[in-house]
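Student: Please examine one part of this model closely, namely how segments that are distant in sequence come together. I would like a single connected account that moves from individual residues to the packing of helices.

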Amino acid sequence: MRRVVCDICVVGGGSGGIGAAVGAARSGADVLLIERDPWPGGTIVSAWVHNWEPVCGTSELCRRLYERMRFMPGGADAVYSNSLSRLNPEGTRNPPLPFEPWAFLRAVEGEFAESGVRRLLCDTVFCDCRVHSGRIESIVVQTPFEMLEIHAGFFLDSTGDIVLARAAGCPFCKGAESLTEYGEPSAPGCPDPSALNAANWCYRVRPGEGAGSFCGDRLPDYPSACVDRPKFCVTMPNGDLLVNPCGTTHLDPDEEPEVFADRVRSARELAYLCWHWDVFAAGKKLQLLGFAPRIGIRETYRLAAEYVTNENDVIAGPDFLHDDIVATCDHPLDDHASGKCRELTCGYGISFRSLLPRGCENLLVASRGLGVSHIAASSCRLSRTIMTLGEIAGRAAGLCVKRRCQVRDLKISSEPEILKISLWNGKRTGR
């Protein structure tokens, strides 16, 4: 097995991993990024969630990526500054920022080149890690051609399922916590590990006269889940519609593999029937262009971090209770499994300690699996929020490499190189 050495190894090249790699590289660290897919981008590219919802607290990295895409013909065409908070002063929702996945990939490649992210291993799967005295010494990965043992001073877990943190023995959780866990007003009386936000399969259609002629025969029966399905549609720069048939299935990673695979297949079939219903029953002219390569998953495992950001933090809003707030978010508490969506009137803070696992000194987590409760996870899982947190984690690890110290030695409240990343401005983050 070949040995590879770097300052910082980032596992997972989704939104959090992109932010982490850029943040670490801009601190001067030698960064190695590992990604299981043939390309970086995670859910944005592979699950076709290539639409940034309006949200506060985003970083300049997000802006730079979007502006890069706007310079590409057909890549993106919205005005970025119109989407820097969920609600506008009138209390209505600000517009989203749609873009093409190919444009996002080109923008990320440009950002990597500019920031100094030189080492990227795609089609590479995490296999195992070696831990000693509360530190990860190395990880083992499988490339298409060989197995590598990667040694680094710091590791960042940016996988959606926090595979590295779980393999390293860090405590984690799944599902809904009980009321007694954090005192969340909306929490159930008993914990429910199976309570997970819903997953769904996005697809793309092209509206226009004659588009329905590609549809084939009408089906005799449609399931009620298809007929009554709420669908979120966003218009792409070329006029196509990206359709998110919200909350089509429940996916529990602890289910039997065969059951899990069948639920994934059923979700794709339901997405097909949703389009079929729109064309044949609702009479819409929509040509189906295709399905995303992968189903979009909102929630699986989450880190039991040094501090778990929860519903009480969301409710506190601008009255931040911690001195290590590094980012903010004002996306609603949006549970697709129950269909409940609670709008927020202002932003709330996310603690830096929510990125720190208990029991591991040289690991940070920056993905949808960060240290948040089930309720808070329904809000702070958006791509730009996770990318911003990833950049903060990467910058923190980079500072530690430069200063030869540990992450917990950093005094976050007085670290301008970290605090300046998120575009939040004290108590005025939201509407």
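Tutor: Two residues are in contact here when heavy atoms of theirs lie within 4.5 Å. The model is a predicted one. By that criterion, and not counting residues up to four places away in sequence, P171 touches L303, A304 and R358. P171 is found in the loop between α5 (163-167) and β9 (172-174). Along the chain, P171 and A304 are 133 residues apart, yet their C-alpha atoms are separated by 5.4 Å. What is the exposure class of P171? With a relative accessible area of 29%, P171 is partly exposed, because the partly exposed class lies between the buried limit of 20% and the exposed limit of 50%.

A second long-range pairing involves I136, whose place is in strand β7 (residues 135-142). I136 and L363 are 227 residues apart in sequence, and their C-alpha atoms are 7.5 Å apart in space. At 2% relative accessibility, I136 counts as buried. When its neighbours within four places in sequence are left aside, the contacts of I136 include C129, R130 and V131. Further contacts of I136 are made with A152, F155, L164 and A168, and others with C360, N362 and L363.

The surroundings of R298 bring in polar contacts. R298 lies in the loop between β13 (286-291) and β14 (301-303). Is R298 buried or exposed? Its relative accessibility is 11%, so R298 counts as buried. The C-alpha atoms of R298 and A198 are 6.6 Å apart, although 100 residues separate R298 from A198 in sequence. A polar atom of the R298 side chain lies 2.7 Å from the backbone oxygen of A198. The side chain of R298 is also joined to the side chain of H336, by a polar contact of 3.5 Å. Beyond four places in sequence, R298 is in contact with N197, A198, A199 and N200, with N244 and G247, and with H336, R368 and R381.

Two residues in loops merit attention for their backbone geometry. W48 lies in the loop between α2 (43-46) and β3 (51-52). W48 is not a glycine, but its phi is positive, at about 60 degrees. W48 is buried, with a relative accessible area of 17%. D123 is found in the loop between β5 (119-121) and β6 (125-132). D123 likewise has a positive phi, of about 55 degrees, without being a glycine. At 36% relative accessibility, D123 counts as partly exposed.

The account now turns to helix packing. The axes of helix α1 (residues 15-25) and helix α4 (residues 101-115) come within 9 Å and cross at roughly 20 degrees. That angle makes α1 roughly parallel to α4. The crossing in which α1 passes α4 is left-handed. From α1, the residues I18, A21, V22 and A25 meet F104, V108, E111, F112 and S115 of α4. By class, this contact has seven nonpolar, one polar and one charged residues.

Helix α4 is also met by α3. The axes of α3 and α4 come within 9 Å, with a crossing angle of roughly 125 degrees. At that angle, α3 is oblique to α4. The crossing of α3 past α4 is right-handed. The α3 side of this contact consists of L61, R64, L65, R68 and M69, which meet A103, F104, A107, V108, G110, E111 and E114 in α4. By class, the contact of α3 with α4 has seven nonpolar, one polar and four charged residues. F104, V108 and E111 of α4 thus meet residues of α1 and also residues of α3.

Helix α3 (residues 60-70) has a further partner in helix α11 (residues 383-403), and their axes come within 9 Å and cross at roughly 120 degrees. How are α3 and α11 oriented with respect to each other? They are oblique to each other. In this contact, L61, C62 and L65 of α3 meet R384, M387, T388 and E391 of α11. The residues involved divide into four nonpolar, one polar and two charged. L61 and L65 of α3 meet residues of α11 and also residues of α4.

Conventions:
Residues are numbered from 1 along each chain as its sequence is written. This is a predicted model: local features need pLDDT of at least 70, side-chain atom pairs count only at pLDDT 80 or more; totals for chains, interfaces and linings use all residues. Side-chain values use heavy atoms; hydrogens and water are left out. Helices (H or I, at least four residues) and strands (E, at least two) are DSSP runs, numbered from the N terminus. Buried means under 20% relative accessible area, exposed over 50%, partly exposed in between (1.4 Å probe, protein chains only). A polar contact is a pair of N or O atoms within 3.5 Å; within protein, one must be able to donate a hydrogen and the other to accept it, and residues adjacent in sequence count only if both atoms are side-chain atoms. Axes are lines fitted to C-alpha atoms, for helices over the stretch in contact, and angles run from 0 to 180 degrees between N-to-C directions. Angles under 35 degrees count as roughly parallel, over 145 as roughly antiparallel, 65 to 115 as roughly perpendicular and the rest as oblique. A crossing is left-handed if the near helix is turned anticlockwise from the far one by less than a right angle, and right-handed if clockwise. Ala, Val, Leu, Ile, Met, Phe, Trp, Tyr, Cys and Pro count as nonpolar, Asp, Glu, Lys and Arg as charged, and the others, Gly among them, as polar.
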